[in-house]
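Colleague: Please take one part of this model and go through it closely. Plain terms would help, as I am new to this.

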Amino acid sequence: MEQKMIELDVREDLKNKMEPFQKIMEAVKQCNKNDIFILHAPFKPTPLFAVLKVKGFTHEEEELEKKHWKKC
């Protein structure tokens, strides 16, 4: 099976006071076992780590610049 990458940027949603959790979960549902999900957020999304770990994900995070975190 071919590995795919799904990328989601929720910085604008959060800036506009919109809760992105449902959007994130919809994107995660599209992932297969070896796929890569990349999330862009304005902060280190620590609460999300536990939720995704239960779903079998591992993660890496990187601060690209102030208020721009990338989570894989």
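Modeller: What follows is a look at one pair of helices and the core beside them. This is a predicted model, in which local features need pLDDT of at least 70, side-chain atom pairs count only at pLDDT 80 or more, and totals for chains, interfaces and linings use all residues. Residues are numbered from 1 along each chain as its sequence is written, and side-chain values use heavy atoms, with hydrogens and water left out.

The axes of helix α2 (residues 21–29) and helix α3 (residues 46–54) come within 12 Å and cross at roughly 35°. Helices here are DSSP runs of H or I with at least four residues, strands are runs of E with at least two, and both are numbered from the N terminus. Axes are lines fitted to C-alpha atoms, for helices over the stretch in contact, with angles from 0 to 180 degrees between N-to-C directions.

From α2, Phe-21, Ile-24, Met-25 and Val-28 meet Leu-48, Val-51 and Leu-52 of α3, where contact means heavy atoms within 4.5 Å. The residues of this contact divide into 7 nonpolar, no polar and no charged; Ala, Val, Leu, Ile, Met, Phe, Trp, Tyr, Cys and Pro count as nonpolar, Asp, Glu, Lys and Arg as charged, and the others, Gly among them, as polar.

Pro-47 also lies in helix α3. Pro-47 is exposed, with a relative accessible area of 65%; exposed means over 50%, buried under 20%, and partly exposed in between, using a 1.4 Å probe and protein chains only.
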